[in-house]
Amino acid sequence: MTSDPITHVLVPGTFDPITFGHMDVVARARRICPRVTVAVAESLGKNGVGTTFSLDERVALAKQALGHLDGVDVQPFCGLLVDFARQIGAGAVVKGLRAMTDFEYELQQAGLNNRLDPDLESIFVMSNPSYGYLSSSVVRQIASFGGDVSEFVPPCVAAALKERFAQ
Ligand code: PNS
């Protein structure tokens, strides 16, 4: 196993769409590491269903939402996370944990990633309690019924949701 210090981390996810909860995790990852790549997965989300926004749309929204953070870039990826991490030279994956249900899923993902590449570290930050209930799926659900999502997502995402569900 490598002992190289980690100077570049990944914050991966489906980001369908990015929320204030994701943005909090990215900002905290940036506090602990000088370079952060937000890796937007092409693959299906954890429920195995398709996404509301295309990969290009999800990347564009994440870029708009995170544009104010130095040292943070947003990139799409497909295939295995460990391969993408190796390709861009990231040494760790950073994810947020909201509840025990997240823990079980993330433990499995971290275990698999460790088997696939023992040099890729997994780091978890506890979600800000203000966002403990927040997920992309609840935001999509509220927006789909015409509800106000402005306290959960940045204005660019709220506008994109409004447009998507007006169709
Ligand atoms: O937003 P999510 O659903 O928590 O993101 C999950 C994601 C995209 C990080 C995860 O599904 C992933 O890493 N997908 C890429 C494929 C992969 O490497 N899977 C882990 C080993 S099976």
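The legends below describe close-up views of one predicted model.

In this predicted model, local features need pLDDT of at least 70 and side-chain atom pairs count only at pLDDT 80 or more, while totals for chains, interfaces and linings use all residues. Residues are numbered from 1 along each chain as its sequence is written, and side-chain values use heavy atoms, with hydrogens and water left out.

**View 1. Residues around the ligand and their polar contacts.**
The ligand is surrounded by 14 residues, of which G13, T14, A41, L81 and K95 come nearest; a residue is near a molecule if one of its heavy atoms lies within 4 Å of it. Polar contacts are pairs of N or O atoms within 3.5 Å, and within protein one atom must be able to donate a hydrogen and the other to accept it, with residues adjacent in sequence counting only if both atoms are side-chain atoms. From the backbone, a polar atom of T14 is 2.9 Å from an oxygen atom of the ligand, and a backbone N or O atom of L81 lies 2.8 Å from a ligand oxygen atom. From a side chain, a polar atom of K95 lies 3.1 Å from an oxygen atom of the ligand. The ligand taken alone exposes 550 Å², and the protein buries 81% of that; accessible areas come from the Shrake-Rupley method with a 1.4 Å probe, and for residues only the protein chains shown count as cover.

**View 2. Make-up of the shell around the ligand.**
Two or more residues of the shell are given by each of β1 (8-13) and α4 (100-116), where helices (H or I, at least four residues) and strands (E, at least two) are DSSP runs numbered from the N terminus. Helix α4 supplies the largest share, 4 residues. By class the shell divides into 7 nonpolar, 5 polar and 2 charged residues; Ala, Val, Leu, Ile, Met, Phe, Trp, Tyr, Cys and Pro count as nonpolar, Asp, Glu, Lys and Arg as charged, and the others, Gly among them, as polar.

**View 3. Strand β4 and its partners.**
Strand β4 (residues 92-97) is mostly covered, with 6 of its 6 residues buried, where buried means under 20% relative accessible area, exposed over 50%, and partly exposed in between (1.4 Å probe, protein chains only). In a regular strand the side chains alternate between the two faces of the sheet. In β4, A92, V94 and G96 point one way, whereas V93, K95 and L97 point the other way, and all are buried. Strands β1 and β4 run parallel and are joined by 2 bridges, with L10 standing opposite V93; two strands pair if DSSP finds at least two bridges between them. On β4 and strand β5 (residues 121-126), which also run parallel, there are 6 joining bridges, and K95 has F124 as its bridge partner in β5. The chain crosses from β4 through α4 to β5 in a right-handed β-α-β crossover, that is, with the strands pointing away from the viewer, the path from the first strand over the helix to the second runs clockwise.

**View 4. Backbone geometry in the loop between β1 and α1 (20-32).**
Most residues other than glycine have a negative phi, and most peptide bonds are trans. F15, which is placed in this loop, has a positive phi of about 50° although it is not a glycine, and F15 counts as buried because its relative accessibility is 3%. The peptide bond joining D16 and P17 is cis, with omega about 0°, and P17 is found in the loop as well.

**View 5. T37 in strand β2 and its contact with D73.**
T37 is found in strand β2 (residues 35-41) and counts as buried because its relative accessibility is 0%. The side chain of T37 makes a polar contact of 2.8 Å with the side chain of D73.

**View 6. K63 in helix α2 and V74 in strand β3.**
K63 is found in helix α2 (residues 55-66) and, at 47% relative accessibility, counts as partly exposed. The C-alpha atoms of K63 and V11, 52 residues apart along the chain, are separated by 13 Å. V74 is found in strand β3 (residues 72-77) and is buried, with a relative accessible area of 9%; its C-alpha atom and that of D117, 43 residues away along the chain, are separated by 22 Å.
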